[in-house]
Amino acid sequence: MESFYNIHYHLLEHIGNPVRRSLANEIDWSHNLIGIKGSRGIGKTTFLLQFALEKFGKSRSCLYIDMNNFYFCGRRLVDFAGEFHNNGGRVLLIDQIFKYPGWSKELRECHELYPQLKIIFAGSSVMRLKEGNDDLSDIVKSYNLRGFSFREFLNISTMGKFTPFTLEDIVTNHKEIAKNLMKHVNPTGFFDSYLHHGYYPFFLEKKNFYEKLLKTMNMMIEVDLLFLKQIELKYLPKLRQLFYELAINSEEPSTNISKLAESVDVSRATIMSYLKGLYEARLINIIYHEGEEFPKKPARIMLHNTNLAFSLPMKNWSKQMLYETFFYNALFRMHSMNIGNRQCTFIADGKYKFKICSSKKDIKNTSNNNIIYVYNDIEIGEGNIIPLWLFGFLY
């Protein structure tokens, strides 16, 4: 046990100056079993350690453990939790939980045996709270840690304290909101940098951002997908090829599943299974027509975020594709998002119709209040024309 405390203290001393994530304000910390899911490289470990540092300092009542530790090859998690609890432990932070066989069953056992012990665990966005007969969904409060929003990136870049707005706030009061923000900062001066490298925490490190991101993307496929989805290693080239095909065709207005299956040389059913895995790994976003969902044929497939595009130098990405990718990524976690029609690009919550515009000539018939034009090259909007960057303030 003492060696785990030594690791815990060492990590706290070397955490640096982590950025406080907006998710910290959304979590109900009073719950005794909390799950933090997120894609690889998004900052889950730092999130756990920051919580420990803020709330407990160097108190022995809180302990961080990583299930990659070989110690747990010969010791049950529930027994370790019992020893920690019996020695005064009150909060156990568990990282990489999905690496431990039978993790969901033992977390339930811990919850039942030690009701006074708070457990906060983190793991891949691909893992499920329900696996076979083991279902934690009734006792776990689960949250998703996303990449940095444009607002968070702006706060980091300017030492600002800008707060988020709801979608309704932005649609209704965008002009006033933008004017107030412009008194403190010009967000447009930071927006291209965010699209380029602002979503992942890697830009805070003194390392090659794209080398780190490329390695992380490969780990998402090679470890998270193959391990959690139990896909045989021999199919790894198929998964990589599929992601490549999706990336280079991400500007296409529709998705041809048959063509993808032929290109990758697998069945349509396998393509659909792989698509779901890539979506859960947060490498792609899958968009449907209203009233449709998986396993229906997707209306469109896009990269999950714009940083991924810049790490894939296969082509010169259009501004339109980047702007649409940014917009969808900013909204899809908190709002239902569907593909639009000829008049609009996306429909949010079944009522807001957004047309993403990369050029002024795309803004037509502004008297039609049913369409909200989202345009990048403006600081402050007017009427039903809203600056694109403002949607980066949704979380």
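**Close-up 1. Strands β3 and β4 sit side by side in a parallel pairing.** In this predicted model, four bridges hold together β3 (residues 91–95) and β4 (residues 118–124). To get your bearings, find V91, which stands opposite K118 in β4. Zoom out a little and the two strands turn out to belong to an open sheet of five, ordered β2-β3-β4-β1-β7 and paired in parallel. The edges are taken by β2 (62–66) and β7 (141–144); each has a single partner strand, so one side of each is left without a neighbour in the sheet. From one strand to its neighbour, the average turn in this sheet is 15°, direction ignored.

**Close-up 2. F72 is tucked into a loop between β2 and α3.** The helix on the far side of this loop, α3, covers residues 77–86. F72 has a relative accessibility of 6%, so it counts as buried. What does F72 touch, once its neighbours within four places in sequence are set aside? The contacts are F4, I65, D66, M67, L77, F80 and Y100. Take Y100 from that list: it comes 28 residues away from F72 along the chain, yet the C-alpha atoms of the two are separated by 7.7 Å.

**Close-up 3. R76 is shared between two glutamates of helix α4.** R76 sits in the loop between β2 and α3, while E106 belongs to α4 (residues 103–113), 30 residues apart. Their side chains meet in a salt bridge, at 3.8 Å from N to O. R76 also forms a salt bridge with E109, and here the closest N and O atoms are 3.1 Å apart. Since R76 lies in the loop and E109 in helix α4, this pair ties together parts that are 33 residues apart in sequence. Which of these residues are buried and which are partly exposed? R76 is partly exposed, with a relative accessible area of 36%, and E109 is partly exposed too, at 27%. E106 is buried, at 9%. D79 joins in as well: salt bridges with shared partners connect R76, D79, E106 and E109 into one network.

**Close-up 4. E26 and R146 pair up across two loops.** This is one of the 20 salt bridges that turn up in a search of the whole structure. The closest N and O atoms of E26 and R146 are 3.2 Å apart. E26 is in the loop between α1 (2–13) and β1 (33–38), and R146 is in the loop between β7 and α5 (150–158), so the pair ties together parts that are 120 residues apart in sequence. The two ends are not equally covered: E26 counts as partly exposed at 42% relative accessibility, whereas R146 counts as buried at 13%.

**Close-up 5. Strand β13 is covered on both faces.** All five residues of β13 (residues 371–375) are buried. I371, Y373 and Y375 point to one side, with I372 and V374 on the other. Who are the partners of β13? Strand β12 (residues 352–357) runs parallel to it and is joined by five bridges, with F354 opposite I372. Strand β14 (residues 385–387) is also parallel to β13 and is joined by three bridges. Here V374 stands opposite I386, and Y375 has P387 as its bridge partner.

**Close-up 6. Helix α13 packs on a mixed sheet of five strands.** The sheet is open, in the order β10-β11-β12-β13-β14. Its edge strands, β10 (337–339) and β14, each pair on one side only. The twist averages 30° from one strand to the next. Helix α13 (residues 319–331) touches β10, β11 (346–348), β12 and β13, and its direction makes about 150° with that of β12.

**Close-up 7. F391 is a busy spot in the largest nonpolar core.** This core has 104 residues, and those with the most contacts inside it are I36, L275, F327, L331, F354 and F391. Helix α13 gives the most to this core, with eight residues. Leaving out residues up to four places away in sequence, F391 touches L167, I170, F326, F327, A330, L331, F354, V374 and I386. A second, separate core has 30 residues, among them Y114, I119, L136 and V140.

Conventions:
Residues are numbered from 1 along each chain as its sequence is written. This is a predicted model: local features need pLDDT of at least 70, side-chain atom pairs count only at pLDDT 80 or more; totals for chains, interfaces and linings use all residues. Side-chain values use heavy atoms; hydrogens and water are left out. Buried means under 20% relative accessible area, exposed over 50%, partly exposed in between (1.4 Å probe, protein chains only). Two strands pair if DSSP finds at least two bridges between them. Axes are lines fitted to C-alpha atoms, for helices over the stretch in contact, and angles run from 0 to 180 degrees between N-to-C directions. Contact means heavy atoms within 4.5 Å. A nonpolar core is a set of buried Ala, Val, Leu, Ile, Met, Phe, Trp, Tyr and Cys residues joined through side-chain atoms within 4.5 Å. A salt bridge is a side-chain nitrogen of Lys or Arg within 4 Å of a carboxyl oxygen of Asp or Glu.
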